[in-house]
Amino acid sequence: MRARSHRSFSARVLAGVTAAVLGVCALTACSGSGDESAGSRGGRSSPSPSPTPAWDTSPDSVAAVGDSITRGFDACSVLSDCPEVSWATGTDADVRSLAVRLLGTSRARTHSWNYARTGARMEDLPGQMARAGAHRPELVTVMAGSNDACRPTATSMTPVDTFRSDFEESLRRLRAAAPKAQVYVMSVPDLKRLWSEGRGSALGKTVWKLGICSSMLADPDAFDAAAGARRDRVQERVKAYNKVLADVCAKDDRCRYDGGAVFGYRFGERQLSHWDWFHPSRDGQARLAALAYRGVTSKEPGA
C-alpha cells in the first residue's frame with residue numbers, strides 16, 4: 001500500500017508540474033526549440049532586421065551626377081563647361097575637389113567620373129546614375145534640381161511629385177548596378193539669394209537675358225507684386241525639392257543628405273561667376289567641395 005501511495009503521489013506531482021509548465025508556455029508562446037522568439041509563428045523564428053551599414057568616411061572612388069554646377073559651367077570662361085574645377089571631381093589645385101580631398105590628385109584622375117550635364121534636370125538623373133553605377137564607385141555625389149526650378153516660367157517648373165518619382169527611379173537604377181555605393185546628396189542652392197547677389201552686375205543681367213533661370217532672373221530689377229510673387233513661387237519650389245531629396249534619401253541606408261548645407265550657404269560676389277553672376281566661380285566651387293568633404297567625412301550626418 002505504501003509503495004502504491006508513493007507512486008500515486010509522485011504521479012500527481014509530475015502531472016501538476018507538467019500542467020504548470022504548459023500554462024506558462026501558453027502565456028509566453030513558448031516553442032519546443034527553446035531558442036525562438038516569443039513572436040515567432042509556426043515554430044519558426046522571425047528574421048532579425050539587417051543592421052544599418054556603417055557610413056564609410058574614406059571611400060576609394062567617386063562618381064558625380066547632376067547639372068551645370070557639377071560641370072563647372074561659367075567658372076573658367078563664358079557659357080562653357082570647365083569640369084577641371086568641378087567641386088566633385090575636378091583636379092584644379094585651387095578648388096581641391098571632393099575627389100582630390102578624398103583620394104589625392106593622382107588617384108582622383110583615375111578613380112573619379114563626372115556624368116553631370118549642363119542643363120540636366122531630375123528626369124535625366126536615372127540615366128546618369130546607370131552610367132555612374134557601371135564603375136561600381138564607392139561614393140556617388142548628387143547635385144540636381146536647379147534646372148527643375150530654373151525654367152522659362154514659374155508655371156513650367158517640374159511638379160514636385162514628378163521630381164520625387166524621378167529621384168526614386170535614379171536611386172533604383174544606381175542600386176541595380178552598384179548596390180553598395182554610398183550616395184551623398186547636395187541640396188538645391190538658394191536661387192533667390194543668387195538673384196539678390198547677382199543683380200548688381202550689369203554684365204550679369206545682360207547674360208541673364210540669354211535665358212539663364214528665367215523663372216527667377218527675368219526682369220531682375222522689377223519689384224512689383226507680380227515679380228515678387230513669381231520669385232517667391234520659385235523659392236518655395238526649391239524648398240519642396242530639398243524636402244524630397246531629404247525624404248527619399250532617408251529611406252536608403254547608404255544615402256546621406258547634406259541637411260540643407262548648400263541651400264543655407266551665403267554665396268557672395270567672390271563665389272559667383274563673373275561672367276553670369278549666377279553659377280559658382282572657382283572660389284564658389286571650392287566652397288562646395290569643402291561643404292561636401294565635411295559632410296562625407298563626418299561620422300554623423302548633418303554634423
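Which side chain does a polar contact of 2.6 Å join to that of D283? The partner is Q271, and you will meet this pair again in the last view. The structure shown here is a predicted model, and the legends below take you through it one close-up at a time.

**Figure 1. The whole protein chain, as a starting point.** Before zooming in, take a moment with the overall picture. The protein chain has 303 residues, and 47% of them are buried. Its secondary structure consists of 12 helices and 5 strands. If you look at contacts with a separation of 6 or more, 72% of them are between residues 24 or more positions apart. The chain exposes about 15,000 Å², with carbon and sulfur atoms supplying 53% of that area.

**Figure 2. F163 and Y241, a stacked aromatic pair.** A pair of aromatic rings is described by the distance of the centres and the angle of the planes. The structure holds 3 aromatic pairs, and this view shows one of them, formed by F163 and Y241. Their ring centres are 4.1 Å apart and their planes meet at 15°, an arrangement called stacked. Now trace where each ring comes from: F163 belongs to helix α6 (residues 160-177), while Y241 belongs to helix α10 (residues 225-250). The two are 78 residues apart, and the pair links distant parts of the chain. Are these rings buried or exposed? F163 is buried, with a relative accessible area of 0%, and Y241 is buried with a value of 0% as well.

**Figure 3. W195 and F223, a tilted aromatic pair.** Here the ring centres of W195 and F223 are 6.0 Å apart. Their planes are at 55°, so the pair counts as tilted. Find W195 in helix α7 (residues 191-198), then look for F223 in the loop between α9 (214-217) and α10. Because of these two locations, the pair ties together parts that are 28 residues apart in sequence. Each ring has its own surroundings: W195 is buried, at 7% relative accessible area, whereas F223 is exposed, at 56%. F223 also has a charged neighbour, as R231 lies over the face of its ring, 5.8 Å from the ring centre.

**Figure 4. Helix α7 and what its buried residues pack against.** W195 from the previous view appears here again, in helix α7. Which residues of α7 are buried? They are L191, R193, L194, W195 and G198. Follow these residues to their neighbours and you will find that they pack against α5, α8, α9 and α10. Look also at the start of the helix, where a side-chain oxygen of D190 comes to within 3.2 Å of the backbone nitrogen of K192.

**Figure 5. C76 and C82, a disulfide with one partly exposed cysteine.** A disulfide is a covalent bond between the sulfur atoms of two cysteines. The structure holds 3 disulfides. If you number the bonded cysteines of the protein chain in sequence order, they pair as 1-2, 3-4, 5-6. This view shows the link from C76 to C82, with an S to S distance of 1.9 Å. The torsion about its S-S bond is about -70°, so this disulfide is left-handed. C76 counts as partly exposed, at 22% relative accessibility, but C82 is buried, at 2%.

**Figure 6. C150 and C213, a disulfide between two loops.** The sulfur atoms of C150 and C213 are 2.0 Å apart. C150 sits in the loop between α5 (146-149) and α6, and C213 in the loop between α8 (202-208) and α9, so this pair ties together parts that are 63 residues apart in sequence. The link is left-handed, with -75° about the S-S bond. Both C150 and C213 are buried.

**Figure 7. C249 and C255, another left-handed disulfide.** In this view a disulfide joins C249 to C255, with 2.0 Å from S to S. At -115° about the S-S bond, the link is left-handed. As you look at the two cysteines, note that C249 and C255 are both buried.

**Figure 8. D283 and Q271, back to the opening question.** D283 is found in helix α12 (residues 282-297). Its side chain and that of Q271 are joined by the 2.6 Å polar contact you began with. Leaving aside residues up to four places away in sequence, D283 touches R270 and Q271.

Terms used. Residues numbered from 1 in each chain as written. Predicted model: local features only at pLDDT ≥ 70, side-chain atom pairs only at ≥ 80, totals over all residues. Heavy atoms only, no water. Phe/Tyr/Trp six-rings, centres within 6.5 Å; stacked < 30°, edge-to-face > 60°. Helix = DSSP H or I, 4+ residues; strand = E, 2+ residues; numbered from the N terminus. Buried < 20%, exposed > 50% of the residue type's maximum accessible area, 1.4 Å probe, protein only. Lys NZ or Arg CZ within 6 Å of the ring centre and 35° of its normal. Contact = heavy atoms within 4.5 Å. Areas by Shrake-Rupley, 256 points an atom, 1.4 Å probe, with all protein chains shown as cover. Disulfide = S-S within 2.5 Å. Polar contact = N/O pair within 3.5 Å; in protein donor to acceptor, adjacent residues only side chain to side chain.
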